[in-house]
Amino acid sequence: MAFKEISVEELKLNPFTDLKKYCIVTAGNEKKCNPMLVTWGGFGVLWRKPVVTVYIRQSRYTKEILDAQDYFTLSFLPEVYKPQESYLGSHSGRNEDKFAGSGLHPYFPDEFSAGVEEAHLILICRKIYTHEMKEECYTDREVYERWNSGKQAGNNHSAYLGEIVKVLVKE
């Protein structure tokens with residue numbers, strides 16, 4: 001099945017439920033790409049642009065690829081793909097081709113980005129702002145300790161704010 005483009009205003013998405021389900025962020029393009037499971041993020045309007053924010057830990061291979069380019073995608077898959085999406089969240093693209101390992105397939109909508117072919121919705125986003133979430137900026141110490149201690153100590157998240165430039169839905 002092919003994808004068709006719709007306007008961002010036609011998007012039928014509930015950020016409070018759809019992001020709690022699994023979502024795949026993919027950095028890269030046809031030359032090199034890596035998908036990663038994300039469940040933290042947000043949607044809104046900033047600088048009069050429709051935007052999405054995702055949070056990626058410093059240690060992630062996806063972060064390396066995303067830092068080197070201007071675009072990323074968010075792919076939303078039907079629930080039947082939850083085991084494959086879990087695979088993307090528990091393996092590193094540094095060590096393997098995560099698409100091959102998961103059984104999912106890359107989809108290349110243009111020369112700048114890559115998504116997941118099995119998705120029913122793909123958002124193509126252009127990075128417009130990034131920021132490392134630093135310890136001294138947390139106003140809730142309990143939140144910082146919960147998500148950045150133990151094995152995650154020194155492995156803070158970076159926030160990536162992207163303008164949604166294209167919305168693709170499965171026909």
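A salt bridge is a side-chain nitrogen of Lys or Arg within 4 Å of a carboxyl oxygen of Asp or Glu. In this predicted model, the side chains of E163 and K49 meet in such a bridge, with a distance of 3.8 Å from N to O. This report begins with the chain as a whole, turns to its nonpolar cores, and then returns to the salt bridges and some individual residues.

## The chain as a whole

The chain has five helices and 10 strands. Its C-alpha trace spans about 45 × 40 × 30 Å along the principal axes. A compact globule of 171 residues would have a radius of gyration near 16 Å, and the chain agrees with this, having 16 Å. Of the 171 residues, 41% are buried. Among contacts with a separation of 6 or more, 72% are between residues 24 or more positions apart. The chain exposes about 9400 Å², and carbon and sulfur atoms supply 50% of that area.

## Two nonpolar cores

In soluble globular proteins, nonpolar side chains tend to be buried together. The largest nonpolar core of this chain holds 25 residues, of which F72, L74, F76, L121 and L123 touch the most other members. Two or more residues of this core come from each of β2 (23-28), β3 (33-38), β5 (49-57), α2 (61-67), β6 (71-76), β9 (121-132) and β10 (157-170). Which element gives the most to this core? It is β10, with four residues.

L123 serves as an example of how distant positions meet. When its neighbours within four places in sequence are left aside, L123 is in contact with L11, F43, F72, T73, L74, F76, I164, K166 and V167. A second, separate core has 12 residues, including L88, F99, V116 and I124.

## Salt bridges

The count of salt bridges comes to six. Three of them are set out below.

| Salt bridge | Distance, N to O |
|---|---|
| E163 and K49 | 3.8 Å |
| R141 and E135 | 2.5 Å |
| R141 and E145 | 2.9 Å |

The bridge between E163 and K49 links distant parts of the chain: E163 lies in strand β10 and K49 in strand β5, 114 residues apart. Are these two residues buried or exposed? E163 has a relative accessible area of 15% and is therefore buried, since buried means under 20%. K49, at 27%, is partly exposed.

R141 takes part in a bridge with E135 and in another with E145. R141 is partly exposed, at 41% relative accessibility. Its partners are also partly exposed, E135 having a relative accessible area of 34% and E145 one of 35%. R141 and E145 both belong to helix α5 (residues 141-148), where they stand four residues apart, about one turn of the helix. An α-helix has 3.6 residues a turn, so residues three or four places apart point the same way.

Elsewhere, salt bridges that share partners join K49, R126 and E163 into one network.

## The two ends of helix α5

The N-terminal end of α5 is capped by D140, which places a side-chain oxygen 3.1 Å from the backbone nitrogen of E142. After α5 comes G150, whose phi is positive, near 65 degrees.

## A buried lysine in helix α2

K63 lies in helix α2. At 10% relative accessibility, K63 counts as buried. What joins the side chains of K63 and Y160? A polar contact of 3.2 Å does so. Apart from its neighbours within four places in sequence, K63 is in contact with I56, R57, Q58, S158 and Y160.

## Positive phi in the loop between β4 and β5

Most residues other than glycine have a negative phi. W47 and R48 may be read against this background. W47 is not a glycine, yet its phi is positive, near 55 degrees. R48, also not a glycine, has a positive phi of about 60 degrees. W47 is placed in the loop between β4 (41-46) and β5, and R48 is found in the loop between β4 and β5. W47 counts as exposed at 52% relative accessibility, because the cut-off for an exposed residue is over 50%. R48 is exposed with a relative accessible area of 84%.

Methods:
Residues numbered from 1 in each chain as written. Predicted model: local features only at pLDDT ≥ 70, side-chain atom pairs only at ≥ 80, totals over all residues. Heavy atoms only, no water. Core = buried A, V, L, I, M, F, W, Y, C linked by side-chain atoms within 4.5 Å. Buried < 20%, exposed > 50% of the residue type's maximum accessible area, 1.4 Å probe, protein only. Contact = heavy atoms within 4.5 Å. Polar contact = N/O pair within 3.5 Å; in protein donor to acceptor, adjacent residues only side chain to side chain. Rg over C-alpha atoms; globule rule 2.2 N^0.38 Å. Areas by Shrake-Rupley, 256 points an atom, 1.4 Å probe, with all protein chains shown as cover.
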